[in-house]
Amino acid sequence: MRKSTLAVLAVSSGLALALTACGNNSSGGSGSSNTGSGGSSSCPAIGAGLPAPATAPSTSPSTGAGAGTGNNALVGVILPETATSARWEGFDHPMLQKALTNEGLKAIIENAQGDDQKFTQIADSMLSQHVKVLIIGAPNGAVGATVEQKAKAQGVPVIDYDRLNLGGSANYYVSFDNVRVGQLQGIALATALKAKRGAQVIEIEGSPTDNNATLFAKGQHQVVDPQYACGALKKVKSQAIDAWDNQKAGTTFEQFLTANGGKVDGVLVANDGMAGSVITVLQKNGLNSKVPVTGQDATAAGLQAILTGDQYSTVFKPIQLEANAAAQLALALSTGNTSAADAIASQSSTDPTGNRTVKSVLLPPESITKSNVKDVISQGYDKVSDVCAGAAAAVCTQLGIS
């Protein structure tokens, strides 16, 4: 078997400036201190003192030239849902299909549609078909861990895909550096608000049953908590949204906004779907384009909102790299080559519930604002026709997006 390798995307664009951005949030100030009118507290530079981002693997992806090396081994893939994010069927499904085929593997790919029972039934069916490897993105960690126990009992290796199932038994995990995702969101919002000392912030976080949401929040707060502490920013309210429910996110945000007298200066939102619901409320109150909103996933709707000024930033995660990594691990595990799998998953993640360390591939994300929306489109993750529509068309022309 040839040795599979893994891709890295250079994603420094937009990060260096943000990491070194001045932490002065008083209008007209300069330097790294933040002294608002009537105040004398000093604020750290935005993003100062953050742990170094995880070092991504430095090898290259397979191109499919070795198709057939997997001897057509059967691999089962279960994706979590379609209701809150377009990525799973729009990107992950076709990209995993392509990557697994390129490795000479036969894939069965199904989606649980956010239903725990359906997820379990799909897993049972795949195990009865004697899949050699399971790749799972579970609706929540508990059901993911349960399926992993069933697979382990049958000697089928499992790869946690995108979401680490806490308390599970999968030996491998493929995702992005999710703490870094949160850091980028925090940096973007704090940078957007740096001229307004005491800016009022509402936080709309991801599902409390999704470990990724916990990691996003951890990264965000590594950035914004020092800014809260020194008075540069002021947290109004924060709420985790069950099941990443976009409608609930909008309703929750509207309640917080109303309770705060209709005042908000920035909204720290965990993904583009919920950001869209927040923007709808801002539009209703005449605040859109005046209040920076963060997001994640670089969806077409999110990018369009960035171009029109309704959303300030998103986070781009090149999913083909994640799919490639999962496929390469599946190839190694389908033949029992754990040495090759360990070489691919050379990083590690901590499962505090299971008190274990999981061998991982953690890919670097990229912060996207209006200035680098083109990065996402040029790599084929969103179509110009989907992004550059309506009010965004003129902005696309100005930015040379065509």
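This passage looks at the nonpolar cores and the aromatic pairs of the structure.

The model is predicted, so local features need pLDDT of at least 70 and side-chain atom pairs count only at pLDDT 80 or more, while totals for chains, interfaces and linings use all residues. Residues are numbered from 1 along each chain as its sequence is written, and side-chain values use heavy atoms, with hydrogens and water left out.

A good place to start is the largest nonpolar core, which has 54 residues. Such a core is a set of buried Ala, Val, Leu, Ile, Met, Phe, Trp, Tyr and Cys residues joined through side-chain atoms within 4.5 Å, where buried means under 20% relative accessible area (1.4 Å probe, protein chains only). Leu100, Ile135, Ile159 and Tyr161 touch the most other members. Helix 10 gives the most to this core, with 11 residues; helices here are DSSP runs of H or I, at least four residues, and strands are runs of E, at least two, numbered from the N terminus. Apart from this core lies another, of 27 residues, including Ile241 and Trp244.

Turning to the rings, the structure holds 3 aromatic pairs. Rings of Phe, Tyr and Trp (its six-membered ring) pair if their centres lie within 6.5 Å, and planes over 60 degrees apart count as edge-to-face. Phe216 and Trp244 are edge-to-face because their ring centres are 6.2 Å apart and their planes stand at 70°. Phe216 belongs to helix 6 and Trp244 to the loop between strand 7 and helix 7, so this pair ties together parts 28 residues apart in sequence. Phe216 is buried at 3%, and Trp244 is buried at 7%.

Conventions
Buried means under 20% relative accessible area, exposed over 50%, partly exposed in between (1.4 Å probe, protein chains only). Rings of Phe, Tyr and Trp (its six-membered ring) pair if their centres lie within 6.5 Å; planes under 30 degrees apart count as stacked, over 60 as edge-to-face and the rest as tilted.
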